[in-house]
Amino acid sequence: NQGFKSVVPNDDIDPLFLYYLLKYNKEKIENMGSGTTFKEVSGSTMKNINVRLPIDKKEQITIASILGALDHRIELNHTINKNLEEQAYVIFKSWFMDFDPWGGRMPAFWQGGTIADIGQNIVCGKTPSTKREEYYGDDTPFITIPDMHSQIYVIKTARYLSLKGKKSQSTKTLPKNSVCVSCIGTAGLVSLTAYESQTNQQINSIVPRNGISPYYIYYVMKGLSDTIQRLGSSGSTIVNMNKTHFAKLDVIVPDTETMQKFDYDVKPLFDLILLNQITNT
């Protein structure tokens, strides 16, 4: 339809090379759009966009094949990570939902508790003043909800804080393997921190207590996603679950020995997930 502009390659251009040429000029093309409600790049604008390309078609084919191989590897890593996460979930479900090792019943020596009982600290994020340019740089990942979409670990973020920005709210700093949960707007997203990070105020994060596996918390929070959505709505069009209500959500608190065994079994799976995500960046 009229929302598309199609570029048909001539005989001197390799089609796959043209695909990558357009893909890596995406931001440049978007910035040339005009319009108020919806930006549109006209056909005449598209025709006049300046690009650099090898004249030799064989060189184009070589470049495109290399980029295609990289894309294939990235997609393969995504598939591997999905399978690894599912493997870890099968163990989690068997132990902590179906109680298979205990004959289908929750052990009597386990306890009922809340998120506050499995978290050493629960941190509601905060955005440093955007008027202070010196607070932003490339030292500390600053996680917002878009950074969490479809991410098991948050590897990269749209914005980073400088050391000065990080120190301006040092109590908001999260160690690696903290569990981030979006609680305002698009609520119920769950991700792990790959590095020491901070988040904005739309995210509540759980720093695991000693003896509590971050991977256990990760799956518990994914299981509570619908609950967070429901409890946060409460008559408003914007989901907003504050830190106090978040900390009171009910969870099971298993014994330390079981938790250690679970962590031992699934940690290698999550380590490989992290490695694959880092490779993809």
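**Exercise 1. The second largest pocket**

Find the volume of the second largest pocket and the residues nearest its centre.

*Solution.* Start with the volume: the second largest pocket holds about 460 Å³. A pocket here is an open set of points on a 1 Å grid over the protein atoms alone, where a 1.4 Å probe fits, with protein on both sides within 12 Å along at least five of seven lines; lining residues have an atom within 4 Å of a point. Grid points are joined across faces, edges and corners, and the volume is the space filled by probe spheres set on the points.

Next, look at the lining. It has 18 residues, and V7, L18, L22, M46 and K47 lie nearest the centre. Two elements give two or more residues each: helix 1 (15–23) and helix 3 (43–47). Helices (H or I, at least four residues) and strands (E, at least two) are DSSP runs, numbered from the N terminus.

Finally, sort the lining of this pocket by type: 12 nonpolar, four polar and two charged residues. Ala, Val, Leu, Ile, Met, Phe, Trp, Tyr, Cys and Pro count as nonpolar, Asp, Glu, Lys and Arg as charged, and the others, Gly among them, as polar.

A word on the model before you go on: it is predicted, with local features needing pLDDT of at least 70 and side-chain atom pairs counting only at pLDDT 80 or more, while totals for chains, interfaces and linings use all residues. Residues are numbered from 1 along each chain as its sequence is written, and side-chain values use heavy atoms, leaving out hydrogens and water.

**Exercise 2. The largest pocket**

Work out which element supplies the largest share of the lining of the largest pocket.

*Solution.* The largest pocket encloses about 630 Å³. Its lining has 28 residues, with H149, S150, Q151, I152 and Q277 closest to the centre. At least two lining residues come from each of helix 4 (57–96), helix 6 (145–148), strand 7 (190–193), helix 8 (214–223) and helix 11 (256–280). Helix 4 gives the largest share, seven residues. By type, the lining splits into 11 nonpolar, 11 polar and six charged residues.

**Exercise 3. Two residues with positive phi**

For S150 and N177, decide from the relative accessible area: buried or exposed?

*Solution.* Begin with the background: most residues other than glycine have a negative phi. S150 has a positive phi, near 60°, and N177 has one of about 70°.

Now place them. S150 sits in the loop between helix 6 and strand 4 (153–154), while N177 sits in the loop between helix 7 (163–167) and strand 6 (179–182).

Then apply the cut-offs: buried is under 20% relative accessible area, exposed is over 50%, and partly exposed is in between (1.4 Å probe, protein chains only). S150, at 77%, is exposed, whereas N177, at 16%, is buried.

**Exercise 4. A pair of cysteines**

Explain why C124 and C183 do not form a disulfide.

*Solution.* A disulfide needs a pair of cysteine sulfur atoms within 2.5 Å. The cysteine sulfur closest to that of C124 belongs to C183 and is 8.1 Å away, so it is too far for a bond. The count of disulfides by this rule is zero. As for their surroundings, C124 is partly exposed at 22% relative accessibility, and C183 is buried at 1%.

**Exercise 5. The three-stranded sheet**

Identify the edge strands of the open sheet with the order 5-3-8.

*Solution.* The sheet is open, has three strands and shows mixed pairing. Two strands pair if DSSP finds at least two bridges between them. Strand 5 (159–161) and strand 8 (198–199) are at the edges because each has a single partner strand, which leaves one side without a neighbour in the sheet. Strand 3 (residues 136–143) runs antiparallel to strand 5, joined by four bridges. In that pairing, T140 stands opposite L161.

**Exercise 6. Salt bridges along the chain**

Trace the salt bridges of D71 and E196 to their partners.

*Solution.* A salt bridge is a side-chain nitrogen of Lys or Arg within 4 Å of a carboxyl oxygen of Asp or Glu. Nine are counted by this rule. D71 meets K23 at 3.4 Å, N to O; this pair connects helix 4 with helix 1, 48 residues apart. E196 meets K166 at 2.4 Å, N to O; here the loop between strand 7 and strand 8 is linked to helix 7, 30 residues apart. E196 is partly exposed at 41%, but K166 is buried at 18%.
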